[in-house]
Amino acid sequence: MMDFTSPENSSRVSPFTVIAGGVIGFLFAIFLILLLVYRMRKKDEGSYDLGERKPSGAAYQKAPTKEFYA
């Protein structure tokens with residue numbers, strides 16, 4: 001059994017640990033990039049031209065400030 005508290009083992013890192021950490025970090029970075037690309041493509045999926053466009057000013061008109069009583 002290994003004693004992890006001894007000072008001689010605390011400063012040494014095995015090459016396998018460094019390589020394994022690098023590979024895991026690389027795979028995680030690739031996963032994040034693929035997720036970003038997937039989200040960007042999904043966002044563009046539903047956008048297409050519907051033909052006529054209304055002017056942006058016609059979407060909302062300010063109500064008149066004068067009140068009328070019936």
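**Nonpolar surface patch**

Ile19, Val23, Phe26, Leu27, Ile30, Ile33, Leu34 and Val37 together form a nonpolar patch of about 770 Å² on the protein surface. The model in which this patch appears is a predicted one.

Val23, one of the patch residues, belongs to helix H2, which covers residues 15-45. The relative accessible area of Val23 is 45%; because this value falls between the limits of 20% for buried and 50% for exposed residues, Val23 is classed as partly exposed.

**Annotated segment**

An unreviewed UniProt entry lists residues 16-38 under "transmembrane region". In the model, residues 16-38 are 100% helix and 0% strand. The C-alpha atoms at the two ends of this segment lie 33 Å apart.

**Overall architecture and surface**

The protein contains 2 helices and 0 strands. Of its 70 residues, 1% are buried.

The accessible surface of the protein amounts to about 7,800 Å². Carbon and sulfur atoms account for 64% of that surface.

Conventions: Residues are numbered from 1 along each chain as its sequence is written. This is a predicted model: local features need pLDDT of at least 70, side-chain atom pairs count only at pLDDT 80 or more; totals for chains, interfaces and linings use all residues. Side-chain values use heavy atoms; hydrogens and water are left out. Helices (H or I, at least four residues) and strands (E, at least two) are DSSP runs, numbered from the N terminus. Buried means under 20% relative accessible area, exposed over 50%, partly exposed in between (1.4 Å probe, protein chains only). Accessible areas come from the Shrake-Rupley method with a 1.4 Å probe; for residues, only the protein chains shown count as cover. Patches are made of residues with over 30% relative accessible area and no salt bridge: like charges are joined within 9 Å, nonpolar side chains (Val, Leu, Ile, Met, Phe, Trp, Tyr) within 5 Å. A salt bridge is a side-chain nitrogen of Lys or Arg within 4 Å of a carboxyl oxygen of Asp or Glu. UniProt positions are given in the numbering used here, feature names are shortened, and annotations may be inferred rather than shown by experiment.
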